[in-house]
Amino acid sequence: MTTLSAAAEPTIDERPRTTELLARAQSKFPLLQIAITVVAFLVGAFTLDGFASENSVKSLLILASLVGLAGIGQTLAILIGGVDMSVANFLVVGAVFVTQFTQLYGMSFTTALLLLVPFTAILGGFVGWVCHRFNVEPLVVTLAMGTFALGLMQIQTEGTIAGGAPGWLMALTSLRSTTFGLPFPPVIAIWAVVTVALAIFIHRTAVGRRMLAAGANGRAAGLSLIKVRRMWIVVFALSALFAGLAGVVLAAFSGTVNTSIGGPYLFQSLAAVIIGGTVFGGPGDYSRTVIGALMLTVITTVLIGHGLATSDQQILYGAVILIAMALYGRGRKMSDRV
Amino acid sequence: MSTVLRRTSNSVAPKVPLAESMRLFFRLRPAAFATILTVVMLAINIAVQPHFGPVQQLAAFAPIALAAMATAAAVIGGGIDLSISAQMTFASILLVGYLTPAGLGGYIAIPILLVVGAVLGTLNGLLAVVLRLPPIVASLASMFILAGINLRLAPTPVILFDGWVLNLASQVWFIPGALLTIGVPLALWSFFVRTAFGRNLYAIGGNDATAFSAGVNVGLIRVASYAIGGVIAAVGGIALTALVSSADASTSSSYVIGAITAIALGGIVITGGRGGLLGAVAGAAVIFLVQNMLTLFNVSQVWLNLVFGALLLFAVITGSIIAAPRKENNS
Amino acid sequence: MDAKLRAPEAKTHRSEPGGVLLDVQSLSKRFGPTVAVRDASFSIRAGEVHALVGENGSGKSTLVKILSGIHAPNSGEISVDGTRFKSFTSPRASQAAGIVTVFQEVLSVGSRTVLDNLWLGADGSFTTKVRKTDKAKRAQKILAELLEHPPRLDSRVEDLSLSDRQVCSIARALLRNPRVLILDEATSALDYDSRSRLFRVVKRLCAEGVGVMLITHRMDEIEEIGDRITVLRSGITVGTVDDEKWTTEQLVVMMTGSDHLAPAAARVETREHVTDAPVVLETRGLSLAPGQAPIDVQIRAGELVGLAGLEGQGQDVFLKSLAGLGNVSGDVVRTEGDREAVISNRENAHSKRIAYVPRERRGESLFEWMSILDNFSIATVNEDVRGGFLSPRAAARRFSDYVSRLSIKTGNTTNAITTLSGGNQQKVIIARWLATKPEILLLNDPTRGIDINAKRDLYRLLGELTAEGMAVVMLSTEVDEHVELMDRVLVFDDFECTHEFHHMDLTRQGLVASFFGKDSRDEHGLAQNQ
């Protein structure tokens with residue numbers, strides 16, 4: 001399609017105004033989201049007793065880290081132009097592996113973890129392969145694979161998914177634990193390390209760059225010597241893997257495991273990615289998801305403090321996703337597609 | 001543009017291999033696969049289980065069938081609505097929790113519920129068409145909002161004690177109630193697809209840019225397809241209420257995966273323009289009968305998710321192979 | 001030259017032949033900072049075929065889209081048969097005014113039947129406007145007029161050939177009873193027979209008082225049925241000329257604003273020694289389509305080879321198969337010294353130092369939200385790895401060489417590539433491939449839609465590259481590029497290579513004639529028409 005918007009010579013437009021400058025800054029960095037997070041935190045600090053206390057901030061960070069960890073795979077899937085609806089069920093898979101399987105098969109925690117990695121990666125990789133090979137919507141394929149994986153867990157455990165996490169594991173997310181003597185639980189440290197590592201992966205490695213290119217324009221990427229199908233396989237394998245590992249942390253946090261343990265995190269993680277400003281096929285970034293997770297957690301915590309019910313919380317997530325999408329996730333006009 | 005131009009348009013048809021001719025057969029009859037599967041499984045079901053009880057079975061089948069039909073409406077027009085299950089629950093709660101106590105539980109409830117369904121569907125359509133949000137995410141968000149509203153309206157399940165609705169789970173006059181809830185929308189739909197609207201709907205699902213440039217009002221038609229989905233979802237809500245004689249907010253997401261699996265099995269391509277509501281019903285029947293057969297053969301229900309997942313994977317892969325364009329040289 | 005156009009005459013009923021049917025006054029359209037149409041004014045009379053010509057990127061498509069109700073203009077006025085419009089709000093509104101367009105891309109709904117495609121959009125959203133039996137009858141009639149073997153009305157369009165699909169979208173337009181019919185490169189996908197049948201229909205319509213606007217690259221089509229010609233350059237209509245008074249040269253001057261495209265000086269001294277340079281790439285028995293004659297071509301180091309022909313005659317397939325992207329029979333052999341290797345796929349071609357610059361910039365090359373620098377470095381990103389991590393500074397250093405060499409005008413290289421003009425985007429893409437250090441560079445219509453200065457920079461670059469010994473194979477749709485630049489031109493017709501010209505034998509007329517020159521094609525067409 002020869003589109004003239006790119007073809008004709010550009011002419012000098014009027015000088016950029018302040019709003020445009022701000023919009024440009026916003027497109028490079030999630031300023032608005034940070035501002036909202038800060039304002040929401042200040043509102044909480046002034047209206048709720050003990051909201052700004054050390055423990056309260058720590059528990060905020062623990063809650064946000066769970067959303068954030070669940071959102072890793074989602075970020076990658078959305079960056080390559082898909083979506084991962086299997087996050088919830090792979091969270092359960094991860095949790096089941098380290099709790100029930102250790103009891104059921106008498107394996108050690110480490111063995112379970114070592115088995116979890118290839119298990120999730122293979123199922124996820126298959127999703128990526130199917131999506132790219134048969135050109136089908138990741139929405140449907142991930143739904144299917146999530147259901148399938150959950151089914152596998154249910155067969156192993158004969159339907160009763162209910163397990164308890166060992167005490168030492170629960171310390172991972174406990175308010176009172178410390179990390180190498182520092183006064184915060186390890187999960188926060190893990191989240192920080194993962195955030196930095198993913199920033200480096202996405203922006204400072206050749207694979208990360210190729211992944212972004214495959215999401216930005218799959219056809220051009222293929223012609224630019226990028227193995228796009230392999231990228232899809234890797235991304236969805238990583239997505240399932242990270243969801244499984246987040247499930248381990250989730251098991252630590254909630255102490256018990258059941259089939260619906262992952263549900264809320266699917267939508268929260270999706271909301272965090274979208275609110276952060278990552279768009280289907282890019283641009284985007286995991287650090288944006290981190291900001292999105294923090295913003296979402298702070299706002300909900302403040303509102304819950306003011307008596308927000310679970311139902312309202314769901315309505316809030318839905319509304320926030322819609323607003324965020326309407327701000328920067330809109331599709332092309334029909335007239336631009338002819 | 002590197003497709004080979006043949007001089008003559010009607011060259012002698014080359015020998016088509018079996019696999020290719022089967023592919024073409026299923027492409028022209030998208031519902032055939034699920035229909036064949038349904039007939040076979042139904043036969044097994046009835047053979048193994050002499051007291052099949054068609055009326056009750058149909059009543060149990062109605063909600064998933066209607067959820068699949070409602071989802072199919074938007075999908076055929078090139079959209080997708082994941083909030084159908086939540087819309088069904090909303091209709092159910094409205095009926096049991098609000099209309100019935102207010103004395104509107106009689107037949108007057110039917111038009112009210114249908115209009116509310118149409119409004120909900122329209123809202124979803126507007127999100128996708130006017131705000132141009134990606135339909136998957138937009139309808140997920142609205143599913144979320146609606147599920148939250150459902151929970152607010154009915155924090156605990158509300159029981160329906162009597163009324164015409166309950167007849168739909170058994171018989172109305174001599175007709176099984178579920179035949180009405182499934183049959184009437186199906187009949188109306190088959191009429192609709194033969195009108196200008198139907199042709200426009202399939203055209204925008206197949207290629208909306210072409211339809212737009214040819215003068216079709218793509219936005220209006222697409223919103224209408226969501227609205228029809230909303231109306232069918234309302235009927236589904238009624239059928240669901242009849243089945244469980246109550247309204248329960250926890251069903252807000254019960255039929256999401258089932259409906260998607262059903263339409264994929266029924267030959268409705270998820271990107272639009274292919275397949276019909278009959279396929280959705282057949283796809284739903286496959287799911288329902290699989291569930292039945294697991295019980296029948298004393299297979300534990302723990303296999304259910306595994307089988308569903310595998311079925312859905314199988315359905316999308318074969319669906320994509322069937323819908324793939326004909327292979328041309330150098331393309 | 002600038003023909004001043006008459007003011008529209010107020011008319012309320014159907015105009016007689018010769019009266020102004022469509023009048024366009026100073027239309028303009030901007031997309032953000034880009035001006036696609038600056039000032040377009042022209043008029044179409046009842047009963048005439050009015051050709052609109054211009055280079056790629058001159059604004060033709062945008063103009064057509066404004067008239068078809070897809071884009072709303074920023075300023076200007078359109079009158080159809082005396083009724084004035086500021087803009088059309090939708091394609092439907094434009095069609096209601098009597099303007100019906102056949103678009104450049106084959107636009108049909110593959111999953112629907114021929115009948116549904118032919119009547120697509122004719123009905124209301126919910127109401128049927130034409131009875132089904134009438135539809136079938138009229139559809140059959142129009143298809144019989146356009147095709148010798150019309151497809152069945154109930155066959156799916158996706159099962160038809162490309163040419164027949166294009167016929168379907170033309171038939172759709174004709175069934176609307178247009179007052180003004182716009183054919184936007186509508187003939188490019190048609191086979192010869194369908195094209196001549198279409199032209200007879202066009203002549204019939206003209207006799208009935210319809211105005212036809214023809215957008216085409218093909219001068220022979222204008223010669224055949226055109227009455228007047230309006231030339232568009234950089235979004236401005238520079239003039240309208242009458243049928244008898246034009247020459248191709250004159251039109252080219254109007255379209256480009258200059259006599260010559262390339263600074264010929266850049267390519268003087270290289271021609272002599274090319275003939276004894278070593279062969280670097282050759283095809284052996286390469287057949288582009290089943291049953292078509294095999295092609296054996298040798299390409300030497302330092303040679304600039306052009307691929308020419310009418311649109312879609314196999315030159316594109318040929319070029320892609322050199323890049324390892326073809327689905328053809330026969331071999332493409334790469335020779336390095338005395339070693340030979342068969343090119344079988346893209347990776348393989350890359351490792352043998354063959355680079356391919358695709359045709360569709362937006363669809364096949366650009367990563368639109370990514371930065372200029374990332375767009376440059378993506379194919380060679382491994383070279384920027386320092387200790388396991390990407391170094392932006394290394395990429396910037398590599399890029400700076402090409403910035404000066406290709407005279408790329410970039411602001412900050414971390415800005416998105418879409419901030420650049422089309423010409424500079426294309427230079428970045430070419431730099432992407434030059435960075436792979438190719439010995440053979442394959443270019444697929446690289447000057448499509450870029451401005452004249454960028455074109456000249458590119459021509460100069462090609463001169464330098466070939467002087468350094470690189471072999472360049474370039475597909476071009478512009479005859480002048482072949483005549484002025486190439487050492488050798490291969491002409492393609494019906495998926496065979498029918499002619500080969502060396503630089504000294506190249507003339508404009510000779511080349512264009514060769515596009516139609518194979519077998520007694522005209523007689524063949526006539527025979528079928530009778």
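This briefing walks through the contact between chain A and chain C, and then the domains of chain C. Please keep in mind that the model is predicted. Together, chain A and chain C bury about 4100 Å², and the contact draws on 39 residues from chain A and 57 residues from chain C.

**The surface between the chains**
- Of the area buried between chain A and chain C, 59% lies on carbon and sulfur atoms.
- Ten residue pairs are in polar contact between chain A and chain C, counting pairs with both residues at pLDDT 80 or more.
- Two salt bridges are found across this interface.
- If you would like a pair to look up, the side chains of A:Arg219 and C:Glu364 form a salt bridge, with 2.6 Å from N to O.

**What chain A brings**
- On the side of chain A that touches chain C, at least two residues each come from α1 (4–7), α9 (186–204), α10 (206–216) and α11 (218–223) of chain A.
- Among these helices, α10(A) gives the most, with six residues.
- Sorted by class, that side of chain A holds 18 nonpolar, eleven polar and ten charged residues.

**How chain C is divided**
- The domain assignment splits chain C into domain 1 (20–107 + 179–256), domain 2 (260–353 + 438–530) and domain 3 (363–437).
- Taken over C-alpha atoms, the centres of domain 1 and domain 3 of chain C are 37 Å apart.
- C:Glu364, the salt-bridge partner of A:Arg219, falls within the bounds of domain 3 (363–437) of chain C.

How values were computed:
Residues numbered from 1 in each chain as written. Chains lettered and ligands numbered in written order. Predicted model: local features only at pLDDT ≥ 70, side-chain atom pairs only at ≥ 80, totals over all residues. Heavy atoms only, no water. Contact = heavy atoms within 4.5 Å. Buried area = accessible area lost by both parts, 1.4 Å probe. Salt bridge = Lys/Arg side-chain N within 4 Å of Asp/Glu carboxyl O. Polar contact = N/O pair within 3.5 Å; in protein donor to acceptor, adjacent residues only side chain to side chain. Helix = DSSP H or I, 4+ residues; strand = E, 2+ residues; numbered from the N terminus. Nonpolar A, V, L, I, M, F, W, Y, C, P; charged D, E, K, R; others polar. Domains from an automatic or database assignment.
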